[in-house]
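This report covers two sites in one protein model: a patch on the surface and a single side chain with its surroundings.

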Amino acid sequence: MSYTQVKFLNAKANCPRSLVVRSLYARKLLDYLKQDFRVLNVDESFLDVCDFARRRWSRKDQSNSLPKHCISPRLSLISAIDTDGEVYLSLSTAKTRSEEFCLFMKRLMLRLQAQDENWKARTIILLDAAMYHRSADTRNYLCNSGVKVI
């Protein structure tokens, strides 16, 4: 092991391929919106550091030390935001995998069904390329559920 300087990489967000993909997606999204579809964007994030303490109060006879690597739960967030302005959230301490994602989608579909029995006819689910979005379990679950996914 050696101590070396970090190399910074250029962001690939504006490479030609990314520009073309974003342009194609924007066209597709506009077509769906013109046809009165609701696009439901589902994405995830996490926070694995929950204690940002750098100073704290303590009595003179007590240690004011903290462990270098605190063990704290990882907070995982799955959110779904649609083009009508509706927001659906899930917060857990489990790492997001296909099982957790499919559970979120199941609960989300139950909520959408309760709001509108014909929601599948005018709703499109937008997913990014996360591994658990592309997994066989997730693909099978969404295909068997009869939802449109892009």
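In this predicted model, Leu77, Ile81, Val87, Leu89 and Leu91 make a nonpolar surface patch of about 470 Å². Two strands, E2 (75-82) and E3 (87-92), each supply at least two residues of this patch. The largest share, 3 residues, comes from E3.

Isoleucine 81, one of the patch residues, lies in strand E2. Its relative accessible area is 44%, so isoleucine 81 counts as partly exposed: the class runs between the buried limit of 20% and the exposed limit of 50%.

The second site is histidine 133, which is placed in helix H4 (residues 131-134). Is this residue buried or exposed? Histidine 133 is buried, because its relative accessible area is 6% and buried means under 20%.

The side chain of histidine 133 makes polar contacts with the side chains of glutamate 44 and aspartate 128. The distances are listed below.

| Side chain | Polar contact partner (side chain) | Distance |
|---|---|---|
| Histidine 133 | Glutamate 44 | 2.8 Å |
| Histidine 133 | Aspartate 128 | 2.8 Å |

Which residues are in contact with histidine 133, leaving aside its neighbours within four places in sequence? They are Val42, Glu44, Phe101, Leu127, Asp128, Thr138 and Arg139. Both polar partners, Glu44 and Asp128, are among them.

To recap, the patch residue isoleucine 81 has a relative accessible area of 44%, whereas histidine 133 has a relative accessible area of 6%.

Methods:
Residues numbered from 1 in each chain as written. Predicted model: local features only at pLDDT ≥ 70, side-chain atom pairs only at ≥ 80, totals over all residues. Heavy atoms only, no water. Patch = residues over 30% accessible without salt bridge, like charges linked within 9 Å, V, L, I, M, F, W, Y side chains within 5 Å. Areas by Shrake-Rupley, 256 points an atom, 1.4 Å probe, with all protein chains shown as cover. Salt bridge = Lys/Arg side-chain N within 4 Å of Asp/Glu carboxyl O. Helix = DSSP H or I, 4+ residues; strand = E, 2+ residues; numbered from the N terminus. Buried < 20%, exposed > 50% of the residue type's maximum accessible area, 1.4 Å probe, protein only. Polar contact = N/O pair within 3.5 Å; in protein donor to acceptor, adjacent residues only side chain to side chain. Contact = heavy atoms within 4.5 Å.
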